[in-house]
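Please find below a colleague's note on the model under review. It is set out as numbered points.

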Protein chains: 2
Amino acid sequence: MRNRRTLFIHLSILFLFVLNGFGQEHPGLILTNGGVEKIHASLGKVPLFDKTLMKVREEVDHEIELGVIVPEPKDYSGGYSHERHKRNFLTLQKAGLLFQISKDEKYAQYIKDALYAYAEMYPELPLHPQTRSYARGKIFWQCLNDSNWLVYVSQAYDCIYDWLSDEEVEYLNTTLFRPFADFLSVENPQFFDRIHNHSTWGNVAVGMIGLVMDDQELIDRALYGSGSDDFDPSQKDNDGGLIRIPDQKTGFLANLDEPFSPDGYYTEGPYYQRYAMYPFMIFAEALENKRPELKIFEYKDGVLLKAVYALLNLTDADGEFYAINDAQKGMSYYSRELVSAVNIAYHFGGRDPQLLSIANLQNKVILDDSGLSVAKGIANGLAEPFQKQSVILTDGPQGDEGGLAVLRSSIEDTEVNILFKFAAQGLSHGHFDKLSYSLYIDGEEVVQDYGLARFVNIEQKGGGNYLKENKTWAKQTVAHNTLVQDRTSHFKGDFETGNQHHSDLYFADIDNPEAQVVSALEKNAYPGTTMHRTMALISSEELELPFVLDVLHYEAETHHNYELPFYYLGQLISTNLEKNSDSDLKVLGKSYGYQHLWKEGTGKTREDKAQLTWLKGNRFHSLTSAVQDGDEFILGRIGANDPDFNLRRDPVWIQRRVDSDSGVFVSVIETHGSYDPVSEIASNAYSSVKSLEVIHSDENYTAIDIHFKSGKHHKVLLSLKDSSSDKQHSLEIKGQTYTWSGPYIIN
Amino acid sequence: MRNRRTLFIHLSILFLFVLNGFGQEHPGLILTNGGVEKIHASLGKVPLFDKTLMKVREEVDHEIELGVIVPEPKDYSGGYSHERHKRNFLTLQKAGLLFQISKDEKYAQYIKDALYAYAEMYPELPLHPQTRSYARGKIFWQCLNDSNWLVYVSQAYDCIYDWLSDEEVEYLNTTLFRPFADFLSVENPQFFDRIHNHSTWGNVAVGMIGLVMDDQELIDRALYGSGSDDFDPSQKDNDGGLIRIPDQKTGFLANLDEPFSPDGYYTEGPYYQRYAMYPFMIFAEALENKRPELKIFEYKDGVLLKAVYALLNLTDADGEFYAINDAQKGMSYYSRELVSAVNIAYHFGGRDPQLLSIANLQNKVILDDSGLSVAKGIANGLAEPFQKQSVILTDGPQGDEGGLAVLRSSIEDTEVNILFKFAAQGLSHGHFDKLSYSLYIDGEEVVQDYGLARFVNIEQKGGGNYLKENKTWAKQTVAHNTLVQDRTSHFKGDFETGNQHHSDLYFADIDNPEAQVVSALEKNAYPGTTMHRTMALISSEELELPFVLDVLHYEAETHHNYELPFYYLGQLISTNLEKNSDSDLKVLGKSYGYQHLWKEGTGKTREDKAQLTWLKGNRFHSLTSAVQDGDEFILGRIGANDPDFNLRRDPVWIQRRVDSDSGVFVSVIETHGSYDPVSEIASNAYSSVKSLEVIHSDENYTAIDIHFKSGKHHKVLLSLKDSSSDKQHSLEIKGQTYTWSGPYIIN
């Protein structure tokens, strides 16, 4: 403490001390005095902690050499002022930790200087000059980023709070932090009082600084919302999401109640769950340290800890998140948000040794009590491999709004993952992709979800923000591996309608490694039409890897046209189509995303199956689809009406069926063989499927015959109307009667 | 020796013994008895050799378990019979080595059984049923692959020669090997008597079996050609290459004389040089062992050893060959051909410790005397890093037919490579790409050469052979990063014409790491037009990496239209064009490759520079081009008129200038900044070039001003008509006089 408090203090200052948390311990948010002592005792003895510390120190020392730089706010993300302020808050948080760990006052001084620079600017700061946001910030173009700033800077402030003089604390509290917190909350209720990741950041920003200042009003505001009722129920955010539903609870706890399902799945999808995990977990840690009586980690049956496991299970073999809804590809559990989430979940959540293996891969820890726990656990050899599971994750606050399935299989170190989505809309970041799926082999996308249309933080691309193609393309149904009726998106692409509905699990049986099966229903995307998709991952001994069976049954009140897109990724090797291709490329349609697809060719086959083989990641893959008379195939490519080249020129294969009221689309996907460009040897380059036949299809049952070239044969029978496991079924096909119990049987 | 020779032999058999090499040592081709002894003494003591041995043994044991499989010849490459026979010869060669090393007779027996199976089939074998080749084989669809077979199987035969009885040897020689060698040579002179990698394989096949059988007639035929004059001077091979020029020398030595330049560059390019290196080096090894008096490694001033170094210098940071001419991407110094080449070059070529580091990366050796040398060298810690050089490699038998330049720069482990091509046609595998170049950053292609249009050994793609798009697209000028006049390919795409010409080096100065400059001329590609391109890799302290300066001056007798394609690879981030784009895609032209390009958009700029920034491999790259009034830009994409999806849908940026008789295209290419999809941080995402101006251009001089945003400025002055280094130049620009000596100056 640079300034010892004495008894000779002015009364007004005493009064401020009380308000400012006299008697409160600092640091106390994510570093505690006890933790700091333990860290001191461990320095030089815990390799991963020491390594992280050295790296962070280098990084922060470099910034300190540059000096404090607080530019005038001007740019969108990717631009100079945005990136500079972002670097500032990330650096300040680290400098706080370094001050506590090293006791080197240069870090405290750097923080103080920066805070003073911000305090000097803040009172006169107008709204940010960029106007695109529904909730403009002051330092950044949106309140969201201002909240990021406060979440991180609160931690820095906590670390030097006791080092500052009382006058300095008072100055910063009244000039910078309290106005900052008020701006983000009571002055922007359309931002603060929502169920949304934006609001979570806002809530946590206010809560964190409230805990530092021991300002109960701010803490309550953070936990329970501002109480404002001043909003327009038709107002939307920049992504087209509704601001708020009347009578909705708000605040941090409501944001735990609502978007998280009891399984810990966050309804916006893993990319945003990752983003939101930082404020959720860091505030939970701070609350556990400062307000342990809240038992935040036990809240909603331990949903925060479950959320960490849900996220880890929503990654492919490389640790990258499945790219559903608005999601930028490449984001992974190596992100800083997951480093802190895994550290905090380990420290506060029962010290699961499997989490240590993830931390080991991350190869860094956070420099606080929980990071020390993790680094010590690893140093003591406690780490165990993280066992990813096939899982069903429910969606919705009560877990009754559909969900996601991850089917996994691992054969000789080759990992096959299916992500099958039968969830709720996913708030404003959701896509119109009911019953869609994607397929990953060893971390390679083989059948892709497009993800978002945005280049996050690349300024040249629309300020690094969402591009208009996110709405016109990425969210539309035709951009996904699911059924499109009459070239119209699910719910006609209307968010409010989509937000009122969700798909439903029909049944799931994922415990048998020989055949993992999930089946789900969607009855609202196209009024009057039921879509029922069953996906299975089936081992068959003569195949190198389990194959995917995809059965999509539809039943409509009237006749419609259907298209089932299939976004294979890689080089087309062969098809069995008789193809037509134009030398000019025509656009496929005018709306619902079709305006972004070119038609490279069309084709039909006289066989009763259509086959596509492609090469990706040095492996061959084949799609075999049962063909019904009149079915046509379109070979398309993304990129039409995209003058700014915002979209990737990826290919699509579309099965088209016209004028049909009910029927079924059935496909088998295999991964087979390999190609090595060095030895130039191609092995097992052909599909093993000899025939794929729908041998029965009505409103009650679908029956399928799969014949492999080896002679091996599978028969799959599905009951569409009763999923109870003890129900007896009997079905006559070509004079033979099959009986079984439960919703399916695979022979 | 299973069968001891006795004195009680029939005279006719004695006679055959003499013919068959009685008294010759076996093995003696690549394994020698002395080598075998050394190997025995080293077993268990030389890790890389032992490791390779173990792996090869597993592989061969697995094949032996399957038994000898000699199917009826039927398929093109990629098909079953092709791949099976290919696996057979690769396995037999290894089994031979294993027999000698382990003395386990199961390997000898396996070889004998296989040879007998072939001997039984061979005499009745008709030409292969697939008819596409100009030189159909018997076991494979082309003599080339039959030659591969014999090159490998000769080695196996050598290893069991003494183990076989005399009768067995006689039977195999007369029934299988001599007829096989005759078929490949005297029966197929159009294949055997050429200057071509095909013929090299044929020569070596005949030579290897000749050495095993000690059949001097075959050895001479291999070395000097069959002497046949029976050919049609207008006949071409399947790639459109001429079979032969009248009075041309043929045979192995002629194939060393002609396609290799004195620097060891093989005129077809590195992909085929790699392919040819196996027969060249393995036969050289065999000759050195069996006919040391030939001093084959000293032939043509040691060209074989130089060729190995040339090849290693023609690889990017990942060891992959630059994809010029017909070349499949991904081929690298990890190929089996380079393993043997590096091993043999080390053993017979002065034991250069730098070669050991390449062998170390290859992580395997060949199981013979030279592989043992290498493995021992590594075990003894002798390996030194291989220092890749900026190099000028001449082309042509006398080194006076142009060449290639590789400009390299390495800053903080980031490797920048330019491959600039001013070579001869490259025989039938050459492309019409005079003065083209490509750019690699750390092994990532940033400005690509398309390579070939073929999926080697993937049967579904045209039997794994060259696709028609190789001719209609990949060879055409517009498929390359070089100037196209009037939408016509160089030499009008006519091979015979192209084959008579070559570009010429104007000057090269590659020893100054601050600015490496190469300049070359092409006067024949378009009669009446001179193209003169100068490429420089220039360090500038305010840039992260050296930038590329590209100056392409043209001078024609009459007015023409020009297009300069630029095959950037990656995601377009931004341009400064005012763009037009159609919603339907039109094909760009009707011929010379233009029929395979779609026009995605066109644009102009009112600035005096055009700029394109793109993202590839987590780095940003920018092209800045000086713009002259009327210049237009086309954003194109490969893939039109490609119903079988044989072409990659890669983008192109084309600068178009119409109705011009002389002028200059000037561009700067920078690699800058980075993007990390995990931290989502974009750094240095903008070009640093503020302006790029041609301040003087006439038939004698080009002068260029480059201004960076930092204020730094470079002036580049080029003399176009005199490249002598001591020539004094004086040029007045805007009232100021510049004087310098030599062909260029960069300030």
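The points below take up the basis of the model, the contact between the chains, their symmetry and one residue.

1. This is a predicted model, in which local features need pLDDT of at least 70 and side-chain atom pairs count only at pLDDT 80 or more, while totals for chains, interfaces and linings use all residues. Residues are numbered from 1 along each chain as its sequence is written, chains are lettered from A and ligands numbered from 1 in the order in which they are written, and side-chain values use heavy atoms, with hydrogens and water left out.

2. Chain A and chain B each bring 52 residues to the contact (heavy atoms within 4.5 Å). The area buried between them is about 4,600 Å², with 53% given by carbon and sulfur atoms; buried area is the accessible area (1.4 Å probe) that two parts lose on being put together, summed over both. A:Gln460, A:Phe645 and A:Glu680 supply 16% of what chain A buries against chain B, more than any other three residues.

3. Six salt bridges cross the interface of chain A and chain B, the term being a side-chain nitrogen of Lys or Arg within 4 Å of a carboxyl oxygen of Asp or Glu. A salt bridge joins the side chains of B:Arg649 and A:Glu600, at 2.9 Å from N to O.

4. On the side of chain A that touches chain B, the elements giving two or more residues include helix 12 (270–290), strand 11 (571–575) and strand 14 (597–604) of chain A. Helices (H or I, at least four residues) and strands (E, at least two) are DSSP runs, numbered from the N terminus. Strand 11 of chain A gives the largest share, four residues.

5. Chain A superposes on chain B by a rotation of 180 degrees with 0.0 Å of shift along its axis, at RMSD 0.0 Å; the fit is by least squares on the C-alpha atoms of residues with pLDDT of at least 70 in both. That is the relation of a two-fold axis. In chain A, A:Leu585 has the C-alpha nearest the axis, 2.4 Å from it. Both copies use the same surface, since 100% of the contact residues of chain A recur in chain B.

6. A:Phe180 lies in helix 7 (residues 166–184) of chain A. A:Phe180 counts as buried because its relative accessibility is 0% (buried is under 20% relative accessible area, 1.4 Å probe, protein chains only). Leaving aside residues up to four places away in sequence, A:Phe180 touches A:Tyr122, A:Ile139, A:Asp146, A:Trp149 and A:Leu150. A:Asp146 is 34 residues from A:Phe180 in sequence and 8.6 Å away in space, C-alpha to C-alpha.

Conventions:
Buried < 20%, exposed > 50% of the residue type's maximum accessible area, 1.4 Å probe, protein only.
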